[in-house]
Amino acid sequence: MGLLSDPNRRRALINLLTRLNAPICVLCYFAGVCWFMGLAFEPFTLRTYMSENAMGSTMVEERFPSGERALATGREFAAHKKKVGGMPVDWLVKTMQARGLEVFTQSFSRTLPFPDEDKERYIVKGTNVYGILRAPRAARTEALVLSAPCSPGDNNNQAVGLLLGLAHYFRGQIFWAKDIIFLVNEHDLIGMQAWLESYHHTNTTGMDWSPLQGRGGSIQAALSLELSSDVITSLDIVLEGLNGQLPNLDLANLFYAFCQKIGVLCTIQGRLQRNDWDSVSGYSHAVQTMMLMVMKQASGRPWGDHGLFLRYHIEAASIKGINSFRQYKTDITTVGRLLEGMFRKLNNLLERLHQSYFFYLMPSLSHFVSIGYYMPAFGLLAVILLLRALDLWVQFVSPPAVTADGVGDVEQQSSPGALSVLTPLVISHLTGAALYILPTRFQEIAVEHFPVSETEAVVLTAIAVYTAGLALPHNTHRLLSGEGTEQGWRVLKLVAVLYLAILLGCTALINFSLGFILALTLVPVAAFVTPHVPKTLSAVVLVILSPACTLLLSVFFFQELQEMPVSFQDGWLMYLSVISQGILDHHLYGSLVYPLIALMVYPCWLLFWNILFWK
C-alpha cells in the first residue's frame with residue numbers, strides 16, 4: 001500500500017507499466033494459455049472425493065434382479081410405439097398403474113419460431129406420462145426424478161423398459177423417504193420443458209401445456225436415462241446443462257463411485273480414463289477430454305434432458321449407454337443395480353447437495369479442476385485489458401508535447417467531441433439489436449422474395465446483418481462531427497477495452513468456458529488494434545478473430561476433438577445448423593448465448609473494427 005500511496009513511487013510504477021506494456025501483455029497472454037493447458041496435467045488437478053456425508057459410503061446392497069424383464073418391457077413398448085406412431089400413452093398409463101404408481105398425463109404444444117429442419121418439426125404436440133411412487137416413511141415433501149425420453153424410431157426403448165422395471169422393483173421397498181417420480185417425456189427437451197414449467201408453476205418460454213394433476217415433493221435430484229441397445233459396453237455421464245450450468249460435483253462422484261463398486265466401465269465425454277498421465281499420449285487424452293467439456297459448456301445448450309433441471313436448482317445428470325468398447329459388456333441388470341444404488345444414496349440426503357463444487361472442469365472422472373485453479377488462466381488474459389486501459393489513460397491525461405518554440409501541440413491534444421465517441425457506440429449496438437431481432441421477424445419476407453426455406457431465411461438473414469455490420473459503423477465517428485481526432489480513437493478504445501473487460505468478466509463468472517474462448521480471440525484484438533497498423537492485414541486478422549469466425553473454427557475443432565473430422569463443405573453446413581440451433585435454443589429454452597453474442601459481444605467487436613479505420 002505504501003508503494004501506491006507515495007506519489008513518486010506510484011508515478012514510477014505507472015511509467016514502468018506503460019513502458020513495458022506490450023511485452024507484459026504478450027507474456028500474460030502466453031502465460032494464461034499455458035496455465036489453462038497445464039490444468040489437464042494430473043499432478044496439477046484434484047482427485048474427486050465425496051463431500052456429502054450422507055453419500056460418503058457406497059455400502060448399499062443392490063438387489064435389482066429384473067434386467068431381462070426390463071428388456072422385454074422395452075420391446076413391448078417399442079411395438080406399441082410403432083403401432084400408434086408415437087408415444088403409446090394408454091399403454092404406458094396401464095403399465096405404470098399395474099406397477100402400483102399414481103399415474104398422470106400432461107399434454108403440451110409448442111409452435112417453433114421457425115421449423116427445426118434437423119428434426120423436421122414446426123408445430124410440436126405431445127403428451128408426457130409420469131407415475132409417482134409415494135414415500136412410505138416420510139412426510140412426502142421431497143422427491144427424486146428418473147426420466148427417460150420417448151425418442152423417435154428405435155431409440156431409447158431399453159431405457160423406458162428399465163425405468164418401468166425399476167418402478168416395479170422400487171414399489172416393493174419400504175425404505176424410501178422421498179417420492180420417486182418416473183417420467184417418460186415426449187419430444188425430448190420440449191416435453192421436459194413443459195413438464196418442469198408446469199411442475200414449478202412458471203411459463204418462461206410461451207409454451208402451451210395442461211396443468212399437472214399430480215405432484216410430488218420438492219425435487220432434490222434427477223437422473224435422465226438414455227439406452228438404445230441391448231448390449232451396453234460402458235456408461236457415459238453427461239453434465240453440461242443450459243447456459244453452461246453444471247450439477248453439484250457430488251452427483252458425478254456418486255456415479256463414479258458406484259461404477260467402481262459394481263465394476264461398470266464408465267466414461268465422460270465418451271472417453272475412457274487413462275492412467276498413463278505422465279506420457280505425452282496420456283496428457284493429450286486428458287487435454288482433449290477437458291476441451292470437449294469446455295466446448296460443450298461454452299455452447300450454452302442443454303446436452304441432455306437433465307440440462308433443464310439445473311435452471312430450477314435441481315442437481316441432475318444424464319446417463320447414456322454406449323456400445324463401442326467391444327471387449328467389455330454390461331447387462332441391463334447391472335445398470336439397474338447402479339441406478340438403484342444411486343437412488344438409495346440420494347434418498348438418504350437430509351438437504352440439497354451443496355457441499356461440493358458447482359464450478360469445475362473434468363479431464364477425467366477421477367480428477368477435477370476447481371474454480372480456484374482455472375480462473376487464474378482467465379485472469380491473466382483479463383489483466384491485459386486493464387494494462388492496455390492504463391496505457392491509454394496515461395496517454396490521454398499526459399501533458400501536451402512542447403515544441404522548440406515553447407508552444408504545445410494543440411492539434412494533437414484537442415479534446416474529442418462527445419458525438420465522435422457516442423456515435424460508434426450507439427450505431428454498433430443498434431447493429432447488434434438488428435442481428436438479434438431481424439432474423440426471426442423477417443423470415444416470411446425473405447421466403448416470399450427468395451427461393452429458401454424459413455430456416456434458411458433465418459440463418460442467411462443473420463449472416464447478412466452480421467456482414468452488413470462491418471460496413472455500417474465504418475467511420476461512424478464522422479457521421480455528425482466531421483473528421484475524428486487522434487485523442488478521439490484513444491477515448492473510444494479506452495471505453496471499448498473497459499467494456500470488453502467487464503463483459504468477459506461477467507461472462508466467465510456465469511459460463512467460464514464461453515468467457516475463456518471469447519477472451520482468447522477478443523483480447524488480442526483489443527490489445528493491438530489502432531488506426532496506425534497496416535489496414536489490410538489487420539482487417540483480415542480482425543475478421544478471423546471475430547465472433548462468427550470463432551464459431552466456425554470451433555465447429556471444426558469440436559469435430560476434431562470427437563475424432564470425426566469433416567470436410568469444409570460439411571463443416572459449413574454444420575456451422576449453419578449450429579446458428580439455427582442456437583437461435584432455436586434461445587426461443588425454446590432461454591439459452592443466453594445468442595443474445596449475448598448479438599447484443600454485446602458483436603457490438604463490442606465492431607468498436608474495435610471502427611477504431612481500425614478511424615481517420
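A polar contact is a pair of N or O atoms within 3.5 Å, where one can donate a hydrogen and the other can accept it. Keep that in mind for the views below, which come from a predicted model.

**View 1. Meet the two domains.** The domain assignment splits this protein into domain 1 (53–365) and domain 2 (413–612). Their C-alpha centres sit 37 Å apart. Where the two touch, domain 1 brings 34 residues and domain 2 brings 32 residues.

**View 2. What gets covered up.** Put together, domain 1 and domain 2 bury about 2800 Å², and 61% of that is on carbon and sulfur atoms. Over in domain 1, look for Phe-114, Asn-243 and Met-295: these lose the most area to domain 2, together 25% of what that side buries.

**View 3. Polar links across the boundary.** Eight residue pairs are in polar contact between domain 1 and domain 2, counting pairs with both residues at pLDDT 80 or more. There is also one salt bridge between the domains. Zoom in on Arg-271 and Glu-563, too: their side chains form a salt bridge, with N and O at 3.8 Å.

**View 4. The domain 1 side, piece by piece.** Two strands, β2 (102–116) and β3 (121–133), and two helices, α7 (188–199) and α9 (280–299), each supply at least two of the residues that touch domain 2. Helix α9 gives the largest share, with nine residues. Sorted by class, this side of domain 1 has 17 nonpolar, eight polar and nine charged residues.

Definitions and conventions
Residues are numbered from 1 along each chain as its sequence is written. This is a predicted model: local features need pLDDT of at least 70, side-chain atom pairs count only at pLDDT 80 or more; totals for chains, interfaces and linings use all residues. Side-chain values use heavy atoms; hydrogens and water are left out. Domain bounds come from an automatic or database domain assignment. Contact means heavy atoms within 4.5 Å. Buried area is the accessible area (1.4 Å probe) that two parts lose on being put together, summed over both. A salt bridge is a side-chain nitrogen of Lys or Arg within 4 Å of a carboxyl oxygen of Asp or Glu. A polar contact is a pair of N or O atoms within 3.5 Å; within protein, one must be able to donate a hydrogen and the other to accept it, and residues adjacent in sequence count only if both atoms are side-chain atoms. Helices (H or I, at least four residues) and strands (E, at least two) are DSSP runs, numbered from the N terminus. Ala, Val, Leu, Ile, Met, Phe, Trp, Tyr, Cys and Pro count as nonpolar, Asp, Glu, Lys and Arg as charged, and the others, Gly among them, as polar.
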